[in-house]
Amino acid sequence: MAQSYLGGLYGKIVENSGVKIEVLNAATGYAQTLVPDTRGYFKLSGLSPGKYQVNLLRQGKVPMSLTVEVRAGANAPAMFAEGKADNAAQLAAVHVSAANPPVNAIDVSTVDKTQVWTSDEYNDLPLMSRDMRSVAAMQSGVTVNAAHGGASTPQFNGASADENRYFYNQFDATDGQNYDSPSTVPDEAIQSVQSADGGFGVKYGSATGGVVSANIKQGSNNFQAGTSLYFTPPTSSWLQSNAPNIYNPVTGAYSTRNDVSHNSGEMQENYYLSGAFIKDKLFYYVLATDTPPYRETAYGSQLQTTESQNNRQLLANITWNIAKGHTLDLMLSRSSYYSWYNNYSLSTPYEPGSASKDLYSWSQGIHSVWMAIANYQGQITDDLTVAVMGGFIKDRIYSNSSGQDPLEPLVESKDPVTGNTTTLVPGVSSVYQPTMYFKRGGRIDFEWTHFQDHDIKFGGELYDSTQGVYADATSNWTYDQCNTTSTTCDVNGVTLPSGSKYVYTSNTPYSARVGTKNWGFYLDDTWHFADNWILYGGVRHDEFTSQNPDGQTFLKLPYNSPRLGLAWDVHGDSSLKIGATAGRYASNIGLNYNVLAGTRNNGFTSTTTYYTYTGVGSDYIPTGLTQIGNVAGSSGTSVQVLNQYVSKNIKPNTEDQFSLYAQQQLGDNWTAGITAYFSKLHSLMNRFTAPGLVEQYLASIGYPDAVVGSNYLFNPGSALVIPVDLTGNGKLTDVTIPNSVLGYTKPRRKVYQLTMSIDHTPTDDQPWYLSASYTWRHMFGTVDGTTSYDQGTSGLGRSGYDDSWGAPGYTAGSGGDLNTDNRNNFKVYGYYKFKHSDWWGGALRGLRLGGDAMFMTGAPLSCLSIYPSSLTGSSVAAGSSPSEILAFYCGSSATNPLALTTTNRGHAGRLPSIWSLGIDIGYDWVYGSNKFSLDLKMDNVTNHQSVVERVNTYTNSDGSYDNLYGSASLYQTPRTSMMVFRWDFK
C-alpha cells in the first residue's frame, strides 16, 4: 500500500455471524459492501483519500457506524469494539467519529511503518516550502543540512540525497539525470505526503534511502473554489534577514558579502476550482499558479548580479468512476520557469555604489516541465484487483547568454613559427540549444485475496529515461601558414610549397543522446499465520540497463532483492503493534552513469576542412576557397565493444537494512513509537580513473605496450575485469586485475539508529496538534554513499563521481565518522486552536498558534590535502592527479605545517550544534460558505547562526598551506518569513 495514490481500510468484528460491512462516501458516491471472513476480519483497498462512513449491518439494521479518514498510501483502522456492537442492537444506533489519523499511524494490516502528513496539517505549521521533500524532512530520521543542499536534499537514515525516490500518484518522478530531486508539480496541488525511511516492501524498492510519495488533490461532488497567496517580504533585518558575511581569516577581506544582498519580495498566487462534471461519476480539480517577476541583487568581488524570475504552473486532475469498482484518474501538469541575469562590473569589490551603469554581460534561461500521469484501479473479481499506471515527464532547458551570438563567427590567426593564436573576431564556435530530458514509465499491480489468510501481491514496472544535448555549429575560421624554414609542408595529407597560406574550419554539431531502462517485477505475500500476527515475505527482481546514443545496451545489471517482515497486533485492536523488517535494497541507474562508462561522446561527429584562399573580406571571412584534401574528422570515441568501459563483474549500489519497532496508542489521541535501525552498504559503483595501475600490472606480466582507457565503471574494492588491447594491434582481450594489485579498500558505511516519536491528534475537545521525535544515529565507514559530501555541496547530483576513488592512496585514512554523522536530532511541530475561548466575547476563537523547534548536534570535520609529495609517483598513487585535494592527510607540526601525516576521516573536530525555532500566528474565520485564514510564518525566529561548513582543505592544489583551513564557509539559513492568505468557498 505504501506510495499508492489511493488508501484503504481494515477492521475486525468479534461477533461476525450474519454481519456485513457497508462502506460509503457521500462526497464521491462510493458504496461497497463487504463480508468479514470467519475470524471477523475485513479489508478494503483502492479508496480515494477522504472520510468514509463504515456501517455494521446486522439483520438489515445499522446498530453501529464509524467515520474514518482514509489517507493515500495507508490503511485506516475501523475497529468495532467487542460488546458495543451487540449492545447497540438493542439500543439506538451508535455512531463513532474516529479522530484524524496521527502522522505515525498504527497500521496492523502491514509490516510497513510510514509517515503521512496532509496539507491541512502542515499548512498550519511554520513551513516555508511545501514541496514533498520539505514535508518529508520534518521527520527526525531525516537530516537536513545547508552544507549538503538544505531541505531540497533530505538524507534518510544517513543515506545520501540521491539514494531517495520520489513519486507523484505512483509515478516515479525522480529526476533520472542525477537522482537528487524530483520533477515538480505545484505545491498547492499536493493533498498529502507519505514517506518511508526503511523497511518498505518490494513493490517500491529501487532506493537505498527514503521513498517519498505525494498524492494530488481530487475533485468530489462538493463544488469548491478558492485562492491562496504566499508573500515573501523584501530583505529586512526583522522579517527576511541576510546570511552572515564570510571573511578571509588572514586578510580580513570579504570572501562572500551577504549584508548588501537584497530581495525585492515575492508573491505566489494560486487559484483553484474543484467539483463534479457529473455527480458521483466525473470529478475535476484545476489549479493555476503564478509568481510575478521578482528581483534579487548580490555583489561579488568583480560583479553586481541582478536576477529576475517568473514562474507559472497549471495542473488539472480528472477522476472518472467508470463503474462500480473501476476508477480512472488523469493528472496533467505544466510548469514554466523563466530567469534573467544581468551583470555589472564593480570598481571596488563587493561595494554596491561602485557598480557600473553599463551592462557587462547577461544570461537567460527557460525551464519547462510537462507531466502526465494516468491511473486505473479495477475490481476484477471479489478477490482480485488490478491497478495500472502510466505517465511521462518532458523536461526542456534552454539557456543563452551575451557570449552566444550565432551570427558572429570566431576568426583566429595562427603564427606559423610560435604557434600562438590571435583572435581577430571574438565570436563563438558553437551555440548550445536545449537540453531535453524525457522519462516515461508505467506499472501494473495485482492484489489477490482468494485465500483467507493470505494477501498476495504481484506486478512490475518499467521506466525509460533519455537525455539529449544539442548544438548547432557556427562559422569559425583559423588562418595558418606553412613554416618558411622548410621547402615543403604537409597540410591534411597534401604537399604544399613552403610558406603557403591556408585556412581551416572545424564543425562539431553536438548531439548527444543517452538513455537508461530500469525495469523490475515483484511477488509478495502478507500471511495472517495466527490470530493478530502477520508474516511478510517478498522478492523483487530488477534489471538496470544503460544505452548508448544508438540505443544499444552497454550496461546490464540484473539483481534480486529479498525482504522479510513480521508484525504483531498485541491486543488485537490496533492499539499496540510490534514489528521487524529485514531486506536488501538496490538503486536504479541514473543517466549520469552513461558518462562514467565512456559513451557521452559517441553522439557527435567532429570534422575539420582545410582550404587555400585568395582573399579576405572586410569581416575577415576568407574568399576564393579551394579545398585541401578530404574532410578530416572522427565520429564518436574509440569504443570498440559496447561494454568496453564497464567492469564485467559490476554490481549495482546495494544495501542491507534491518529494523525493530513498536507503536503504542496512549488513550484516544496519543500515539508513541520507537524504532531501532541498522544498515550496511553492500556494494557501490564508481568510476575508475587510475590507468597507471593497470599499465604497471600488465607490464609486469609481459605486456608493456598495452593500451588502457581512463574511465571505467567498477565496484571499488573488487577486481577490475575489462577488455584491453594488450599488444597495440587493436584486438581486445578480457583481463582481470585483482584488487590486491589495485590496492583499494572496500567501501563501507554502517548506520546504527534509534528513533522515538510521540504524536497527539487534535479533536474538538482537544484542539491541539503535536508531533515530536528524537533520533540518535551513529554513521561510520569510508564513504558517504553514492554522493560524497567531502567537498560540501559540490558532489550533489554526481552519483558515481567520487574522485576519492581516483587512486588507492586517497583511501588511506578514509575510515571514520561520516560527514552526516549528526548524533542527535530532535524535532517538534505543533499548533493550538483557541476554538473554545470566551475571551473578548469569543473573538479569539479563530486564533491559531503554531510552532516548531529543531536541534541537531554538529557533524564531524575532516582534514584533506594533496597526496604527500614524498609518496607521489609510487604505485599507490599511480594514475591520479597530484593536485587533487582528496587525501586524508593533515599537518602535525606547528613549526612545519606541511609535514603531513594520515588523519582519519572525521577526526578534525566537529561543527557546533544547530538549532532553530519557528512560529505560525494564524487566524481563521467563516462567512457563510466562505472560509478565510491569515498567517504569519517565521523560521529561525532568533536568527541563530551556527556554522554548518568549514574549509576542510589543509593544502592548496600546489601543495602550499591553505590559509583558509578551518574558517567558516557557510552558516545556517537566516531568519525567513512568509505571509499567507487563504480563501476557500465550500
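In what order do the five strands of the open sheet with mixed pairing lie? The order is E9-E14-E15-E12-E13, where strands (at least two residues) are DSSP runs numbered from the N terminus and two strands pair if DSSP finds at least two bridges between them. Strand E9 (115-118) and strand E13 (171-172) are the edge strands, each pairing on one side only. Strand E14 (residues 190-196) runs antiparallel to strand E15 (residues 211-216), with six bridges joining them; Ser-195 has Val-212 in E15 as its bridge partner.

The model is predicted, so local features need pLDDT of at least 70 and side-chain atom pairs count only at pLDDT 80 or more, while totals for chains, interfaces and linings use all residues. Residues are numbered from 1 along each chain as its sequence is written, and side-chain values use heavy atoms, without hydrogens and water.

Eight cavities of 30 Å³ or more were counted, a cavity being a set of points on a 1 Å grid over the protein atoms alone where a 1.4 Å probe fits but cannot get out. The second largest has a volume of about 340 Å³, taken as the space filled by probe spheres set on the points. Its lining (residues with an atom within 4 Å of a point) comprises 30 residues, with Lys-113, Gln-139, Asp-197, Thr-675 and Thr-755 nearest the centre. Strand E42 (670-683) gives the most to this lining, with six residues.

Strand E47 (residues 749-760) also gives the most to a nonpolar surface patch, with three residues. The patch covers about 410 Å² and is made by Ile-674, Tyr-752, Leu-754, Met-756 and Trp-776; patches of this kind join nonpolar side chains (Val, Leu, Ile, Met, Phe, Trp, Tyr) within 5 Å, from residues with over 30% relative accessible area and no salt bridge, the latter being a side-chain nitrogen of Lys or Arg within 4 Å of a carboxyl oxygen of Asp or Glu. Accessible areas come from the Shrake-Rupley method with a 1.4 Å probe. Leu-754, in strand E47, counts as partly exposed because its relative accessibility is 31%, between the limits for buried (under 20%) and exposed (over 50%).

Terms used: Patches are made of residues with over 30% relative accessible area and no salt bridge: like charges are joined within 9 Å, nonpolar side chains (Val, Leu, Ile, Met, Phe, Trp, Tyr) within 5 Å. Helices (H or I, at least four residues) and strands (E, at least two) are DSSP runs, numbered from the N terminus. Buried means under 20% relative accessible area, exposed over 50%, partly exposed in between (1.4 Å probe, protein chains only). On a 1 Å grid over the protein atoms alone, a cavity is a set of points where a 1.4 Å probe fits but cannot get out, and a pocket is an open set with protein on both sides within 12 Å along at least five of seven lines; lining residues have an atom within 4 Å of a point.
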